[in-house]
Each structure stands twice: as structure tokens, then as C-alpha cells.
Amino acid sequence: MKIALIGATGFVGAAILQEALNRGHEVTAIARNPEKLAAHRNVHAQNTDVYNEDAVARSVAGNDAVISAFNPGWSDPDMYNHQVKGSRAIINGVKKAGIARLLFVGGAGSLEVRPGVQSVDLPTFPAEYKQGALATREALNMLRQETGLDWSFLSPSADLFP
């Protein structure tokens, strides 16, 4: 397959990139700092403004599927707004490019801990991750309204280790 991977140098994105390469896929690796990517014959590195849906559409065009592991960075003081803006641009850009399949990596905050209650809503949810978790929940809500994409939202465990 030809896969566009947004966030290819991040913690989750780097693991997805390695798995895709291990499986023989060709990857358009989209990252803020594509120079961090090791040279590989099946990797086509790109720096793309993920807040611009037209730029996203140009970068992902021609691929069979898009995987978004986008995260503006946990130290971003405006993480919520940047995550929501980027998620919206990614969703719209994928549609503009005519790609039907989108896999979106969210977070553990959207996991239901009991019917109707998500992890991010618990009083014990870590404050340092709350804005990011709320933003990825908003991305999930955007996707739930989507009728033009075949999407999956992946919610990994709260504890991720290499």
C-alpha cells in the first residue's frame, strides 16, 4: 500500500512508520522536522503545514490511506486549539485529496470507563494531558459527523512504552 503518515517523527508516529516499513508499505512521511527521518527507499519525507487543508490535500494525494498521529506537542501552551485546528484541516484535506480511508490516532482520554463516561472526564485524569485529551475527543466528534470518509479512531492505552 501507499500510506501517508502525518506525525511520522513523533513517539506514536515513529512506531507506526517502522511497522509500515516492516510490512513493505511505501510511506509519505509527513513531519514538522522531516530531517529527523532516516533515509529509506520506501520513505518520502515531507514537511507540510497540517493546519492548512489544501497543503494536507497536496501532501496526501495519490496514497491509498492516511494515518494521522498528529500532535502539536504536549508543551504547546495552546494545545487544545492547535490540536482541534490541525485535526479539522487533516480531515478536510484527506477528503479534498479524494482519499476515503483515514486512521486517526487519538488518546486514552476518549475511552469509556463506564457507559457514557470517558476517561478524560474523571477527576483523577492528569491535568497535564487534559487539554490534549479534550482536543482529541473533539476530533473524534468531528469524525463521528463524517459521512465522506471510511475512518477509524484508535485510542491507545494511557501508558505507552517502546
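A good place to enter this predicted model is Ser110, whose side chain reaches the backbone oxygen of Gly107 at 3.0 Å. Ser110 belongs to the loop that runs between strand E5 (101-105) and strand E6 (112-114). Its relative accessibility is 8%, and because buried means under 20%, Ser110 counts as buried. Once residues up to four places away in sequence are set aside, Ser110 touches Gln118, Leu140, Phe153 and Ser155.

Phe153 appears again in the surroundings of Thr136, a residue of helix H4 (residues 127-144). Thr136 is buried too, with a relative accessible area of 9%. Apart from its neighbours within four places in sequence, Thr136 is in contact with Gln83, Gly106, Gly107 and Phe153. Gly107, one of these partners of Thr136, also supplies the backbone oxygen that the side chain of Ser110 reaches.

Thr136 leads on to the packing of helices H3 and H4, as Thr136 is among the H4 residues that make this contact. The axes of H3 and H4 cross at roughly 25° and come within 8 Å. Angles under 35 degrees count as roughly parallel, and H3 and H4 are therefore roughly parallel to each other. Their crossing is right-handed. On the H3 side, the contact is made by Met79, Tyr80, Gln83, Val84, Ser87, Arg88 and Ile91. On the H4 side, the contributors are Gln131, Gly132, Leu134, Ala135, Thr136, Glu138, Ala139, Met142 and Leu143. Sorted by character, the residues of this H3 and H4 contact comprise nine nonpolar, five polar and two charged.

Helix H3 (residues 79-96) also packs with helix H2 (residues 53-60), here at an angle of about 50° and with the axes 7 Å apart. H2 and H3 are therefore oblique to each other, and the crossing of H2 and H3 is right-handed. From H2, the residues that make the contact are Glu53, Asp54, Val56, Ala57 and Val60. From H3 come Ala89, Ile90, Asn92, Gly93, Val94 and Lys96. The contact of H2 with H3 is made up of six nonpolar, two polar and three charged residues.

A further look at H2 shows which of its residues are buried: Ala55, Val56, Ala57, Ser59 and Val60. These buried residues of H2 pack against H3 and also against strands, namely E1 (2-6), E2 (26-30), E3 (43-46) and E4 (65-68). Both ends of H2 have a local feature to point out. At the N-terminal end, Asn52 acts as a cap, with a side-chain oxygen 2.9 Å from the backbone nitrogen of Asp54. Just after H2, Gly62 takes a positive phi of about 90°.

The last stop is Val117, located in strand E7 (residues 117-118). Val117 has a relative accessibility of 19% and so counts as buried, since the cut-off for buried is under 20%. With neighbours within four places in sequence left out, the contacts of Val117 are Leu111, Glu112 and Leu122. Glu112 lies in strand E6 (112-114). As for Val27, it is separated from Val117 by 90 residues in sequence and, from C-alpha to C-alpha, by 36 Å in space.

Methods:
Residues are numbered from 1 along each chain as its sequence is written. This is a predicted model: local features need pLDDT of at least 70, side-chain atom pairs count only at pLDDT 80 or more; totals for chains, interfaces and linings use all residues. Side-chain values use heavy atoms; hydrogens and water are left out. Axes are lines fitted to C-alpha atoms, for helices over the stretch in contact, and angles run from 0 to 180 degrees between N-to-C directions. Helices (H or I, at least four residues) and strands (E, at least two) are DSSP runs, numbered from the N terminus. Angles under 35 degrees count as roughly parallel, over 145 as roughly antiparallel, 65 to 115 as roughly perpendicular and the rest as oblique. A crossing is left-handed if the near helix is turned anticlockwise from the far one by less than a right angle, and right-handed if clockwise. Contact means heavy atoms within 4.5 Å. Ala, Val, Leu, Ile, Met, Phe, Trp, Tyr, Cys and Pro count as nonpolar, Asp, Glu, Lys and Arg as charged, and the others, Gly among them, as polar. Buried means under 20% relative accessible area, exposed over 50%, partly exposed in between (1.4 Å probe, protein chains only). A polar contact is a pair of N or O atoms within 3.5 Å; within protein, one must be able to donate a hydrogen and the other to accept it, and residues adjacent in sequence count only if both atoms are side-chain atoms.
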